[in-house]
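Work through the exercises below with the sequence and the model side by side. Try each task before reading its solution.

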Amino acid sequence: MDQSLKSPGQNALEDAFHRLFELTRTAPAPGLAERLDRLARLRAAVSDNEARFEQAISADFGHRCTIETTIAETMMLLGEIKHAAKSLKNWMAPKRVATSLQFFPAKNRLMPQPLGVVGIIAPWNYPLQLTLAPAVGAIAAGNRVMIKPSELVPRFSALLREVIAARFSADEIIVTGIEDEISKAFASLPFDHLIFTGSTRVGRLVAEAAGRNLTPVTLELGGKSPVIIDRSADLAEAAERIAYAKLLNAGQTCIAPDYVLVQEASVQDFADRLQANMQRMFGTDPDNKDYTSIVSERHYARLEGLVADAAAKGARIMQGAKPDDPAWKSKRKFPPTIVVGATPEMAIMQEEIFGPLLPVMGYRDASEPVTYVNKHDRPLALYWFGKDDAARDEVLDRTVSGGVTVNDCLFHFAQMYQPMGGVGASGTGAYHGEWGFDNLSKLKPVFYRSPFNRLADLYPPYGAKIARLQKMLRFLS
């Protein structure tokens with residue numbers, strides 16, 4: 001596009017990107033000390049402004065439980081930075097790779113190198129953790145970073161921009177604005193790698209824009225993460241753990257349980273236990289500070305529509321309060337809702353819920369849950385409850401998902417020694433710990449030839465020597 005036809009914001013965005021891009025091609029790659037310094041400054045930026053981040057996020061949501069921000073965002077992020085700093089020297093070291101016998105005594109190595117400029121398009125639901133955790137991997141890998149925060153959390157976004165600018169130069173990390181023109185232009189920049197966290201619908205648009213530049217992408221999407229409760233499960237234990245996982249951040253979690261499959265004879269028993277646990281944990285008072293608000297009126301109305309559609313199509317709705325109650329609606333707090341007898345034709349079973357609604361479906365035959373899951377897009381997470389190891393392994397073997405937690409929910413995400421990522425419609429690529437470092441590095445293969453290797457025997461003129469060499473190579477191949 002002609003520069004004269006672009007807005008000042010778009011021109012500034014492109015200028016900032018090209019400055020970073022040129023530095024990645026001309027300046028030496030940052031060494032261990034420089035990367036550790038950047039991680040230390042990032043850690044200080046988070047820890048020194050922890051209370052300010054909590055306040056900004058809560059203001060953006062209407063109310064965000066500060067304990068949830070501390071546990072699910074700040075602590076996880078600080079742990080990620082600490083782990084990266086502790087492990088970085090080992091991650092950066094060239095990795096020994098086996099060498100085929102016919103090339104002995106040569107050697108192979110994998111040399112990690114920075115990709116260049118990494119772009120991060122961040123979500124709103126866990127804005128601190130899901131914005132800066134990918135940045136940890138990018139910084140550790142030696143990249144320069146551009147971050148586009150979510151427009152749904154403007155106070156947090158402004159604060160992040162201020163805090164990062166105070167600790168980092170514009171040659172290291174840039175936090176952009178959140179204006180509509182910036183959002184549309186960001187994914188079209190020719191990044192060396194682009195990370196997007198958000199919905200599958202928007203993820204397709206981001207991948208399409210990035211594809212025009214052949215920019216590799218890591219997509220952390222969502223979808224409908226199922227819970228399978230086996231016949232061997234402890235219903236009381238499952239109900240308590242699922243209630244917590246579903247209502248964390250008022251269900252606005254990409255790996256939140258999205259629906260439950262439980263033995264048909266136990267559907268009502270499970271639903272009653274689930275509701276009792278939800279009320280024990282979060283009560284029935286909209287002023288409860290432990291319960292988080294829905295991020296916007298539009299999202300609140302969408303949730304109301306899902307419940308109304310399910311009720312109209314025959315589901316039984318279990319709620320401790322009505323979402324149109326002014327005491328709840330004025331605070332954008334949606335009452336915890338259980339949808340008993342959900343069916344596939346209901347809207348609530350056709351799109352990611354992203355709120356405190358949980359459909360419960362019954363099954364008769366033990367094979368039905370796997371069949372149902374496999375008929376739909378591969379989920380970002382899958383949860384299984386039970387004590388029958390054979391039944392558990394059958395589900396693990398026959399389903400494909402981004403990750404699994406057995407006899408609980410969510411906690412596979414918190415494992416820094418495991419990758420976090422989706423599959424198919426729930427995402428591509430991974431980050432966390434060394435997985436993020438490798439994903440955002442070029443692991444360059446290097447072959448070191450030995451002066452004692454007889455590779456010169458391959459050169460012409462061939463004659464009789466090549467016949468002997470061919471015979472040897474066939475034997476070794």
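The exercises cover aromatic pairs and charges over rings.

This is a predicted model, where local features need pLDDT of at least 70, side-chain atom pairs count only at pLDDT 80 or more, and totals for chains, interfaces and linings use all residues. Residues are numbered from 1 along each chain as its sequence is written, and side-chain values use heavy atoms, without hydrogens and water.

**Exercise 1.** Classify the pair F103 and F447 as stacked, edge-to-face or tilted.

*Solution.*
- Apply the cut-offs: rings of Phe, Tyr and Trp (its six-membered ring) pair if their centres lie within 6.5 Å; planes under 30 degrees apart are stacked, over 60 edge-to-face, the rest tilted.
- The centres are 5.9 Å apart and the planes meet at 75°, so the pair is edge-to-face.
- Place the rings: F103 is in the loop between strand 1 (95-97) and strand 2 (107-114), and F447 is in strand 16 (residues 441-448), so the pair ties together parts 344 residues apart in sequence. Strands (E, at least two residues) and helices (H or I, at least four) are DSSP runs, numbered from the N terminus.

**Exercise 2.** Decide whether W124 is buried or exposed, and do likewise for F354.

*Solution.*
- Buried means under 20% relative accessible area, exposed over 50%, partly exposed in between (1.4 Å probe, protein chains only).
- W124 has 12%, so W124 is buried.
- F354 has 15%, so F354 is buried too.

**Exercise 3.** Find the ring under the charged end of K107.

*Solution.*
- The test requires NZ of Lys or CZ of Arg within 6 Å of the ring centre and within 35 degrees of the ring normal.
- The ring is that of Y448, with its centre 5.2 Å away.
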